[in-house]
Amino acid sequence: MSSTKKPTRTKAAASKNFPRKDVQIEVAQGSDQVTIARKYAQIYISPELAAHRVLNATDTKVGLGEAVDVPTLVDQLREQAKVVNAGDLTQVEAMLVGQATALQTLFARLTERAFSAEYMPNFETFLKLALRAQSQSRSTLEALAAIKSPPVLIAKQANLTTGPQQINNGTMPGDRARKIGNLQNELLESSDGKRLDAGAAGTTGGVDPQLEAVGAGKGAEHG
């Protein structure tokens with residue numbers, strides 16, 4: 001009596017058939033368990049696998065997921081990341097244009113639903129969602145414009161202290177005290193470069209030319 005049970009495919013056999021549905025992990029032959037576990041952790045938290053999971057979860061109506069080869073999709077996502085890292089933003093710009101267009105279409109559809117609603121709560125809900133989609137479309141276009149023409153930032157220099165300033169009982173650091181002392185000495189010098197003589201006799205002022213300087217040893221006479 002022959003068995004009617006269908007043969008099961010092993011993972012090795014399934015991985016050879018296209019489209020492949022298993023994520024491929026490259027591990028050198030003879031690697032230990034720690035290395036293998038690290039490879040699994042790296043692919044599990046990788047951005048390309050996260051994108052694949054989202055695409056697979058949302059592909060309920062289109063039906064293209066059955067025709068997609070998962071290892072090829074992951075490699076393609078890695079390649080896009082390398083291209084962007086190299087400075088080529090062509091794919092990013094195309095993505096933003098597509099998102100802005102989709103959001104604009106969503107705005108139009110929700111607006112139609114709002115004005116076809118019979119009750120005010122439904123009208124308010126659909127119109128609020130429509131305006132939110134419109135706002136997101138505008139933000140997406142602004143992001144695209146920023147990529148195409150980055151803003152120029154002009155930074156002004158600010159004078160900031162690099163550390164606390166110490167004041168000890170009215171004294172000041174030696175270098176600063178010496179500078180102030182030298183400045184005072186310069187102020188005490190006359191215009192011709194000579195230091196003022198405290199013992200020299202004064203000259204008559206310009207206010208009253210009849211007055212004479214008081215001589216040494218002479219005092220005021222009282223009647």
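This is a short tour of the model, stop by stop, with what to select and what you'll find there.

A note before you click: the model is predicted, so local features need pLDDT of at least 70 and side-chain atom pairs count only at pLDDT 80 or more, while totals for chains, interfaces and linings use all residues. Residues are numbered from 1 along each chain as its sequence is written, and side-chain values use heavy atoms, with hydrogens and water left out.

**The whole chain**

Start with a cartoon view. You'll see seven helices and zero strands (helices are DSSP runs of H or I with at least four residues, strands runs of E with at least two, numbered from the N terminus). Switch to a surface: about 19,500 Å² is accessible, 56% of it from carbon and sulfur atoms (Shrake-Rupley method, 1.4 Å probe; for residues, only the protein chains shown count as cover). Of the 223 residues, 10% are buried (buried is under 20% relative accessible area, exposed over 50%, partly exposed in between, with a 1.4 Å probe and protein chains only). Among contacts with a separation of 6 or more, 56% come from residues 24 or more positions apart (contact means heavy atoms within 4.5 Å).

**Phe18 and Pro19**

Select this pair for a cis peptide bond, with omega at about -5°. Proline 19 sits in the loop between helix 1 (11-16) and helix 2.

**Ser46**

Move to the loop between helix 2 (33-44) and helix 3, where serine 46 lies. Serine 46 is buried, at 7% relative accessibility. A polar atom of its side chain is 2.7 Å from the backbone oxygen of isoleucine 43.

**Helix 3 against helix 4**

Next, pick histidine 52 in helix 3. Histidine 52 is buried at 13% relative accessible area. Leaving out residues up to four places away in sequence, histidine 52 touches Val70, Leu73 and Leu77.

Now show Glu48, Asp75 and Arg78, which are linked in a network of salt bridges (a side-chain nitrogen of Lys or Arg within 4 Å of a carboxyl oxygen of Asp or Glu). Glutamate 48 and arginine 78 bring their closest N and O atoms to 2.9 Å. Glutamate 48 is in helix 3 and arginine 78 in helix 4, so this pair ties together parts 30 residues apart in sequence. Glutamate 48 is buried at 13%, and arginine 78 is partly exposed at 29%. A search of the whole structure turns up six salt bridges.

**Val62, Leu64 and Val68**

These residues make a nonpolar surface patch of about 270 Å² (patch residues have over 30% relative accessible area and no salt bridge; like charges are joined within 9 Å, nonpolar side chains, namely Val, Leu, Ile, Met, Phe, Trp and Tyr, within 5 Å). Leucine 64 is in the loop between helix 3 (47-58) and helix 4 (70-85), exposed at 54%.

**Helix 6**

Finish with residues 120-148. The 29 residues of helix 6 should span 42 Å at 1.5 Å a residue, and the end C-alpha atoms are indeed 42 Å apart (expected span is 1.5 Å times one less than the number of residues). Select Phe126, Ala130, Ala133, Ser137, Thr140 and Leu144 for buried positions; the buried residues of this helix pack against helix 5 (90-115).

Then look at lysine 148, in a salt bridge with glutamate 93 at 3.7 Å between closest N and O atoms. That pair links helix 6 to helix 5, 55 residues apart. Last, glutamate 142 meets arginine 138 in a salt bridge at 3.1 Å, N to O; being four residues apart in helix 6, they are separated by about one helical turn.

Definitions and conventions: Polar contact = N/O pair within 3.5 Å; in protein donor to acceptor, adjacent residues only side chain to side chain.
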